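Colleague: Got a minute to go through this one with me? I'd like to talk about the ligand, then wander a bit.

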Amino acid sequence: MKPRMQVTILGSTGSIGVSTLDVLARHPERFEVFALTAASRDEVLLAQCIQFRPRYAVLTDTTAARRLQERLKSTDLETEVLAGPRALEEVASDPAVDVVMAAIVGAAGLAPCLAAARSGKRLLLANKEALVVGGEVFLDAVRTGGARLLPIDSEHSAIFQSLPDDEQLWPQSVDRIILTASGGPFRTWPVEQLSGVTPEQACAHPNWSMGRKISVDSATMMNKALEVIEARYLFGLAPRQIEVLIHPQSIIHSMVQYRDHSVVAQLGTPDMRGPIAYGLSWPERIASGSAALDWRRLPAMTFEALDEHDHERRFPGLALAWQVLEGPPGQCAVLNAANEVAVAAFLDRRIRFDQIHAVNLAVLESMRFAQPRSLEDLLAIDTEARAEAQARVQELGA
Ligand code: NAD
Ligand code: MG
């Protein structure tokens, strides 16, 4: 019998984390949970520990970690509790670990991703912000560490599944990749009404149930902008070879158009357990728990280009992806930091929905920085861009 793969989940209490545990629970003969981590939700993490009996449980919030430690005393578990952000790196790079699911939201996940990459893990990337911020530094860590980076974002998993197994063939055979986008909850709203959008409306995605940050990003289509950057780094294509197409039904998860104009697509129900299971079992396939497409009930598939239906005005942030990819290295990190701050401010009702883009644009225009070469350089740019974005938020909220 093959030894079971040891899995660390960074961000196990979130939407992707919970879906990952759901897939793992279907294959106890194949996977064992090594470590579970979260920011501060110790109650949820305790319940997960009781079910999956990990060797380590990490909470970055030290008070929450102390609470978890107390609660674990009344169980028969031998789970060790660790606290603070450095512990994330430890459980991501422990020699006993085979697979790391990166499911933290935001640039906070970059350091543990790099730790996993440098120690040669199978790294399942849901945490797109880490690659957007890390860029070449991230890819270098993957190469030098001998890690295997596999996409979990549904679009990127679809593209990966539609590409030839032999990566050497990608540059010569691919014409373009077509990232599909649902268009989010405001695809058909008059642009003038977007200034009145509430956090509740922005978080109500028509097809996917996700964490709050990515839900707002889907509503502004900044999520797709981050995905364009993510695709650039994952697949090594030129930015102009990456195209976005609105497909409201989210049945086609993305496509690859080849030199001969043949198009290969991946289809499925909108359920993240599909790409998660594929990342876990690649190159094999295992049951994921997601429903099969029901061809008799399938709605008609429709498509809208971005220069139709006022979409360029409705989703002004999307074009920033190509702009920052053409700009100096570090610009992607600036855009990501500004957007994280702006989205948090919108969720706190400190700025309006349409001001998220205003903050992002203002920060991109005002920041000057040297070319980043290390994690420290990237984190310095990230910190400065956040301060700049906070200042813009203050001005707007005044
Ligand atoms: P979420 O908010 O539901 O969960 C985030 C997880 O990260 C939680 O476990 C939280 O405790 C942890 N976390 C948050 N901040 C942290 C910090 N500073 N330090 C340590 N841990 C922290 O988010 P989600 O929807 O599961 O998304 C996770 C990532 O996956 C995001 O990058 C998102 O873009 C990406 N993603 C999500 C989906 C989806 O369907 N939810 C789909 C594609 C990609
Ligand atoms: Mg996606």
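Modeller: Sure. Bear in mind that this is a predicted model. A good place to begin is α1, which gives three residues to the shell around ligand 1, the largest share.

Colleague: Which other helices supply at least two residues of that shell?

Modeller: Besides α1 (15-25), α6 (128-145) and α10 (212-220) each supply at least two.

Colleague: And how many residues surround ligand 1, and which are the closest?

Modeller: There are 26 residues around ligand 1, and the closest are Gly-11, Gly-14, Ala-108, Met-210 and Gly-211.

Colleague: How does the shell split by class?

Modeller: Around ligand 1 you get 12 nonpolar, nine polar and five charged residues.

Colleague: Where does ligand 1 lie with respect to the domains?

Modeller: Domain 1 (5-152) and domain 2 (159-267 + 295-397) both contribute residues to the shell, so ligand 1 lies between them. Those bounds come from the domain assignment of the protein.

Colleague: OK, how many residues of each domain are in contact with the other?

Modeller: On the domain 1 side 18 residues are in contact, and they meet 23 residues of domain 2. α6 gives the most to the domain 1 side, with 10 residues. By class, that side of domain 1 has 10 nonpolar, five polar and three charged residues.

Colleague: So α6 turns up in the ligand shell as well as on the side of domain 1 that touches domain 2. What separation do the domain centres have?

Modeller: Taken over C-alpha atoms, the centres of domain 1 and domain 2 are separated by 25 Å.

Colleague: Changing topic: what's the strand order in the four-stranded sheet?

Modeller: The order is β9-β8-β10-β11, in an open sheet with mixed pairing. β9 (242-246) and β11 (263-267) are the edge strands, each with a single partner, so each has one side without a neighbour in the sheet. From one strand to the next, the twist averages 20°.

Colleague: Do β8 and β9 pair in the parallel or antiparallel sense?

Modeller: Parallel: β8 (residues 174-181) and β9 are joined over five bridges. As one example, Leu-179 has Val-244 in β9 as its bridge partner.

Colleague: Which helices pack on that sheet?

Modeller: Helix α11 (residues 222-235) packs there, touching β8 and β9, and its direction makes about 150° with that of β8. There's also α7 (residues 154-162), which lies across β8, β10 (252-258) and β11 and runs at about 40° to β10.

Colleague: What about backbone oddities? Which peptide bond is cis?

Modeller: The one from Trp-282 to Pro-283, where omega is near 5°. Pro-283 sits in the loop between α12 (273-281) and α13 (311-314).

Colleague: And where is Ser-250, and what's its phi?

Modeller: Ser-250 is in the loop between β9 and β10. Its phi is near 50°, a positive value in a residue other than glycine.

Colleague: Why flag those two?

Modeller: Because most residues other than glycine have a negative phi, and most peptide bonds are trans.

Colleague: Last one: what does UniProt list for residues 267-387?

Modeller: The unreviewed entry there gives "domain: DXP reductoisomerase C-terminal" for residues 267-387. In the model that stretch is 51% helix and 1% strand, with its end C-alpha atoms 41 Å apart.

Conventions. Residues numbered from 1 in each chain as written. Chains lettered and ligands numbered in written order. Predicted model: local features only at pLDDT ≥ 70, side-chain atom pairs only at ≥ 80, totals over all residues. UniProt positions renumbered as here; feature names shortened; annotations may be inferred. Near = placed C-beta within 6 Å. Nonpolar A, V, L, I, M, F, W, Y, C, P; charged D, E, K, R; others polar. Domains from an automatic or database assignment. Pairing = 2+ DSSP bridges. Axes fitted to C-alpha atoms, helices over the stretch in contact; angles between N-to-C directions. Contact = placed C-beta atoms within 7 Å.
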